[in-house]
Amino acid sequence: MNINSIIDELSLRIDKNRMIPDAQMREYTSFKTGGTAALLAEPGNVDELSHALKVLNKRGIEHMVIGNGSNLLVKDSGYNGVILRIGKPFQEIDITGERMEAGAGALLSEAASKAGNASLTGFEFASGIPGTIGGAVFMNAGAYDGEISQIIESAEILSADGLRTFTMSKDELELSYRHSILQITGDILLKAVLRLTKGDNEKITARMNELTARRNEKQPLNYPSAGSFFKRPHNNFAGKLIQEAGLRGLTLGGAQVSSLHSGFIINTGEATASDIINLMEIVRSTVYEKSGVLLEPEVRIIGD
Ligand SMILES: Cc1cc2nc3c(=O)[nH]c(=O)nc-3n(C[C@H](O)[C@H](O)[C@H](O)COP(=O)(O)OP(=O)(O)OC[C@H]3O[C@@H](n4cnc5c(N)ncnc54)[C@H](O)[C@@H]3O)c2cc1C
């Protein structure tokens with residue numbers, strides 16, 4: 001891949017200052033480890049994002065949109081493609097009545113807090129999820145009996161080829177447990193329209209504080225991770241199965257099955273992506289041997 005020629009073509013729209021060759025992906029992911037991406041670009045608006053998609057598709061170059069990188073692990077060998085990071089320029093949040101429009105790059109914590117300040121209830125569940133609106137819709141993120149599907153009304157989408165924008169209704173997004181149609185089409189979320197309801201500001205704040213306290217108590221938040229590493233198996237819990245398989249605290253290199261929450265794999269400081277992936281495989285095969293359940297990773301693993 002000729003990076004300089006790609007940068008030249010992308011820079012017809014995107015400022016070169018917002019393009020980083022050989023980007024260290026540990027700086028853009030919550031696991032704080034992993035290899036480089038051949039190029040990371042941060043489009044400044046929809047037009048720039050659309051230009052980038054057209055160029056990359058035309059040239060047949062592998063690429064991926066990311067948000068806050070809190071559900072992402074890049075292999076140590078790196079990603080030989082272009083990462084399009086949806087960040088600050090896409091963070092706008094507007095509230096009118098009970099309707100919130102939130103840009104793909106807006107952080108869930110920020111959106112939840114703005115909802116609370118406007119005495120709107122419904123978003124409390126997401127206040128401690130360290131992702132963006134885009135990543136949350138893509139994953140149908142959820143916690144504590146809430147999930148994005150309960151509050152989203154529609155979404156503004158850019159097609160994967162960068163050629164058109166259109167609106168998708170909640171039904172068209174096909175949201176189910178940690179799934180949306182975006183995982184199949186590769187289309188990109190630009191903005192979500194969320195429907196909240198009037199509530200009591202004090203109760204909303206109290207609920208968010210309660211959920212934060214529960215996270216602080218039950219999750220190893222002082223170590224880098226990507227949250228629960230595995231999806232919840234049908235009628236069961238990954239953490240419970242991992243614990244029952246005797247894997248709590250299991251360590252490989254710098255990666256560890258958290259002793260606080262066995263569903264988390266944490267980076268104790270010097271973990272490589274390979275440590276994490278190898279530990280994940282041991283967990284999967286051991287849990288399968290002991291319980292017959294094959295755990296499926298929730299974390300997206302990319303790279304060569
Ligand atoms: C400590 C911790 C706790 C967590 N707790 C929870 C939890 O309670 N519940 C939960 O569901 N998750 C949880 N997570 C996981 C993660 O925060 C969520 O999955 C979050 O929604 C990911 O958002 P992101 O912006 O970081 O996405 P990224 O990690 O950047 O990307 C994840 C996927 O989304 C896609 N994507 C990102 N933006 C867009 C877009 N605009 N359009 C299309 N696709 C896009 C990417 O291509 C990628 O495949 C936790 C993570 C951590 C580190």
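# Exercises on a three-domain model

In the largest nonpolar core, which counts 58 residues, the members touching the most others are L49, M100, F123, I133, V137, L173 and L194. The structure you are working with is a predicted model. Have it open as you go through the exercises.

**Exercise 1. Which domains supply the largest nonpolar core, and what does L49 touch?**

*Solution.*
Step 1. Begin with the members of this core that touch the most others: L49 is one of them.
Step 2. Look at where the core comes from: domain 1 (3-85) and domain 2 (90-217) each give at least three residues to it.
Step 3. Now list the neighbours of L49, leaving out residues up to four places away in sequence. They are P43, L84, I86, F90, L158, I188 and L190.
Step 4. Finally, look for a core apart from this one. Another core has 23 residues, including L73, F230, A245 and A271.

**Exercise 2. Describe the second largest pocket: its volume, its lining and the domains that supply the lining.**

*Solution.*
Step 1. The space in this pocket comes to about 180 Å³.
Step 2. There are 14 lining residues, and those closest to the centre of the pocket are P89, F90, G103, L190 and K191. You have met two of these names already: F90 and L190 are among the residues that L49 touches.
Step 3. Assign the lining to strands. At least two lining residues come from β7 (99-103), and at least two from β13 (188-195).
Step 4. Sort the lining by residue character: 5 residues are nonpolar, 4 are polar and 5 are charged.
Step 5. Check the domains: at least three lining residues come from domain 1 (3-85), and at least three from domain 2 (90-217).

**Exercise 3. Into which domains is the chain divided, and how many residues of domain 2 and domain 3 take part in their contact?**

*Solution.*
Step 1. Write down the bounds: domain 1 spans 3-85, domain 2 spans 90-217 and domain 3 spans 221-302.
Step 2. Taken over C-alpha atoms, the centres of domain 2 and domain 3 are 26 Å apart.
Step 3. Count the residues in the contact: domain 2 provides 8 and domain 3 provides 6.

**Exercise 4. Y144 and E174 deserve a look at their backbone angles. What is the phi of Y144, and what is the phi of E174?**

*Solution.*
Step 1. Recall the usual case: most residues other than glycine have a negative phi.
Step 2. Read the angle of Y144: phi is near 45 degrees, a positive value, and the residue is not a glycine.
Step 3. Place Y144 in the chain: it sits in the loop between β9 (142-143) and β10 (146-147). Y144 counts as partly exposed because its relative accessibility is 24%, between the limits of 20% and 50%.
Step 4. Do the same for E174, which is not a glycine either and has a positive phi of about 50 degrees.
Step 5. E174 belongs to the loop between β12 (165-169) and α5 (182-185). Its relative accessible area is 44%, so E174 is partly exposed too.

**Exercise 5. Is M19 buried or exposed, and which residues does it touch?**

*Solution.*
Step 1. Find M19 in strand β1, residues 19-24.
Step 2. Compare its accessibility with the cut-off: buried means under 20%, and M19 has 7%, so it counts as buried.
Step 3. Collect its contacts, again without residues up to four places away in sequence: I7, L10, S11, I14, L39, L40 and A41.
Step 4. For a distance, take N80: M19 and N80 are 61 residues apart in sequence, and their C-alpha atoms are 15 Å apart in space.

**Exercise 6. N222 and N267 form a pair to study. How far apart are they in sequence and in space, and is each one buried or exposed?**

*Solution.*
Step 1. Along the sequence they are 45 residues apart; from C-alpha to C-alpha the distance is 10.0 Å.
Step 2. N222 lies in the loop between α6 (201-218) and α7 (238-244). With a relative accessible area of 67%, N222 is exposed.
Step 3. N267 lies in strand β17, residues 265-267. With a relative accessible area of 2%, N267 is buried.
Step 4. Beyond four places in sequence, N267 touches F31, K32, T33, Y223, P224 and G254.
Step 5. Add one more distance: N267 and N235 are 32 residues apart along the chain, with 28 Å between their C-alpha atoms.

Note on methods:
Residues are numbered from 1 along each chain as its sequence is written. This is a predicted model: local features need pLDDT of at least 70, side-chain atom pairs count only at pLDDT 80 or more; totals for chains, interfaces and linings use all residues. Side-chain values use heavy atoms; hydrogens and water are left out. On a 1 Å grid over the protein atoms alone, a cavity is a set of points where a 1.4 Å probe fits but cannot get out, and a pocket is an open set with protein on both sides within 12 Å along at least five of seven lines; lining residues have an atom within 4 Å of a point. Grid points are joined across faces, edges and corners, and a volume is the space filled by probe spheres set on the points. Helices (H or I, at least four residues) and strands (E, at least two) are DSSP runs, numbered from the N terminus. Ala, Val, Leu, Ile, Met, Phe, Trp, Tyr, Cys and Pro count as nonpolar, Asp, Glu, Lys and Arg as charged, and the others, Gly among them, as polar. Domain bounds come from an automatic or database domain assignment. A nonpolar core is a set of buried Ala, Val, Leu, Ile, Met, Phe, Trp, Tyr and Cys residues joined through side-chain atoms within 4.5 Å. Buried means under 20% relative accessible area, exposed over 50%, partly exposed in between (1.4 Å probe, protein chains only). Contact means heavy atoms within 4.5 Å.
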